[in-house]
Amino acid sequence: MILVYSPHPRGDSTSHVLPPYMSCVIRRNNVAVIKSNKDTRYGLDSIVTHDGVKLPCWALPNLSSFKQKFGLDAYDQLDVIGIDEAQFFEDLYDFCCEAADHDGKKVIVAGLDGDYLRRSFGSVLDIIPLADSVTKLTSRCEVCGKRACFTLRKTEEMQTEVIGGADVYMPVCRQHYVSGQVAIKTARLVLESQVQRGSCAEP
Ligand SMILES: [Zn+2]
């Protein structure tokens, strides 16, 4: 089992599930890809790998329904199961155990390790002990260009699950994550005090 996790939501329709070096896997094996049906930005029936291979994709609310929906005979023929957006699946741990340990599938999991406040997101970190290999992807800080391990949310929503790409999230280094959080907090306080003052001034 391979786990690839990243602090950044995808900014495009490219899948993290099958990194470039895995394209040989796609050509030689019987592959199925599952992603969450929560993200409807790119259509639900396919994902695109880094090297442009389009794969059919099952958009599901949970993983436990996959076997039945895919068909038991077809499931038996599968070599590789890719799981994208793994942070949205509550039954990730149990599914990975069963698929990798009991059913002998090669399972490749991609997802976010943390949310925009750097709290553990879903069950992605829980499956590290199940994995043969674990990789944390990083990108470049949008402010200074250094290695970016964190994500700053540019919008005001407070809930953990806000689905979006570069319009909502930006990759940042540690320094700019911390200064960005301070700036966002300060901006909110200023806005709130203006609203309060505005409402007091009304007759
Ligand atoms: Zn930076």
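This is a short dialogue on reading helix H4 and some nearby loops in a predicted model.

Biologist: Before I look at details, what is the average pLDDT of the protein, and which element has the lowest mean?

Modeller: Where pLDDT is low, you shouldn't read the predicted coordinates in detail. Here the average is 82, and 76% of the residues score at least 70. Among the elements, H1 (residues 23-28) has the lowest mean pLDDT, 63, while H4 has the highest, 97.

Biologist: Let's go with H4, then. How many helices and strands are there in the protein?

Modeller: There are five helices and eleven strands. Of the 203 residues, 33% count as buried.

Biologist: Which residues of H4 are buried?

Modeller: The general idea first: an α-helix has 3.6 residues a turn, so residues three or four places apart point the same way. In H4, the buried ones are Leu92, Phe95, Cys96, Ala99 and Ala100. Looking down the axis of H4, you'd find these buried residues within an arc of 105°, so they line one face of the helix.

Biologist: What do the buried residues of H4 pack against?

Modeller: They pack against strands E5 and E6. Turn to the face of H4 pointing away from that buried side and you'll meet Asp101 and His102, which are exposed.

Biologist: What happens just after H4?

Modeller: Gly104 takes a positive phi there, about 70°. Gly104 belongs to the loop that runs from H4 (92-102) to strand E6 (106-112).

Biologist: Why does Gly104 count as exposed?

Modeller: The cut-off for exposed is 12 or fewer other C-beta atoms within 10 Å. Gly104 counts as exposed because it has 10 such neighbours. You can also check its distance to Asp76: the two lie 28 residues apart along the chain, yet their C-alpha atoms are separated by 9.5 Å.

Biologist: Which residues have a positive phi without being glycine?

Modeller: Most residues other than glycine have a negative phi. Two cases to look at here are Glu85, at about 55°, and Arg118, at about 65°.

Biologist: Where do I find them, and are they buried or exposed?

Modeller: Glu85 sits in the loop between E5 (80-83) and H4. It is buried, because 26 other C-beta atoms lie within 10 Å. Arg118 is in the loop between E6 and strand E7 (133-136). With 14 C-beta neighbours inside 10 Å, Arg118 counts as partly exposed.

Conventions: Residues are numbered from 1 along each chain as its sequence is written. This is a predicted model: local features need pLDDT of at least 70, side-chain atom pairs count only at pLDDT 80 or more; totals for chains, interfaces and linings use all residues. Helices (H or I, at least four residues) and strands (E, at least two) are DSSP runs, numbered from the N terminus. A residue is buried if 20 or more other C-beta atoms lie within 10 Å of its own, exposed if 12 or fewer, and partly exposed in between; C-beta atoms are placed from the backbone. pLDDT is the predictor's confidence in each residue, from 0 to 100. The arc is that of the directions from the helix axis to the C-beta atoms. Two residues are in contact if their C-beta atoms, placed from the backbone, lie within 7 Å.
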